[in-house]
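I open this notebook page to record what I looked up, going from the overall fold to single side chains.

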Amino acid sequence: MSTTDLLAAQVKQALAQGDKAQALRLLREAGMPALRRAVQEAQAQAAVARHDGEARVSRALANVAEQARQQAPRVQAGVAAWQAHKRPPTVEMGDPPGSPRRVLVVLALLALAAWLGLHPP
């Protein structure tokens, strides 16, 4: 085992134990080439982790697409049933918009007038 491999193992062990200060101390003592190698290894590990993450995301997307394909007939049947359901309209054709509001306003004004007539100021 070479010196750099031994150093890398010691640094990994220190990082695994959560001792970042010890890992940095080991790297500083070893000098610049060891530090460069450690950075390269960390970048390589990050690239592998990123690739694994992308693979997990693509597998998840494939699972979602498969579930969507499986649910498509049920969804289409539901949409067809909803479109086939004929419900009588709640507003007849030709009803002026807002007519119930006008009736409520008139009733409120009549109630106010009656109240003021019974309770003069």
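I take helices as DSSP runs of H or I with at least four residues, numbered from the N terminus, and by that reckoning I place Leu110 in helix α4, residues 99–118. I keep in mind throughout that this is a predicted model.

Fold. I counted four helices and zero strands in the protein, and reading along the sequence I noted the pattern α-α-α-α.

Surface. I looked up how much of the protein is covered and found that buried residues make up 7% of its 121 residues. The exposed area comes to about 10500 Å², of which carbon and sulfur atoms supply 64%.

Nonpolar patch. I then asked which residues make the nonpolar surface patch of about 490 Å², and the search returned Val103, Leu104, Val106, Leu107 and Leu110. For Leu110 I checked the accessibility, and I enter this residue as exposed because its relative value is 54%, with the cut-off for that class set at over 50%.

Charge pairing. I searched the whole structure for salt bridges and found one: Arg69 pairs with Glu66, and the closest N and O atoms are 2.5 Å apart, which I set against the limit of 4 Å. Both Arg69 and Glu66 belong to helix α3, residues 32–84, where they sit three residues apart, about one turn of the helix. I also compared how open the two partners are to the surface: Arg69 counts as exposed at 54% relative accessibility, whereas Glu66, at 34%, counts as partly exposed.

Definitions and conventions:
Residues are numbered from 1 along each chain as its sequence is written. This is a predicted model: local features need pLDDT of at least 70, side-chain atom pairs count only at pLDDT 80 or more; totals for chains, interfaces and linings use all residues. Side-chain values use heavy atoms; hydrogens and water are left out. A salt bridge is a side-chain nitrogen of Lys or Arg within 4 Å of a carboxyl oxygen of Asp or Glu. Helices (H or I, at least four residues) and strands (E, at least two) are DSSP runs, numbered from the N terminus. Buried means under 20% relative accessible area, exposed over 50%, partly exposed in between (1.4 Å probe, protein chains only). Accessible areas come from the Shrake-Rupley method with a 1.4 Å probe; for residues, only the protein chains shown count as cover. Patches are made of residues with over 30% relative accessible area and no salt bridge: like charges are joined within 9 Å, nonpolar side chains (Val, Leu, Ile, Met, Phe, Trp, Tyr) within 5 Å.
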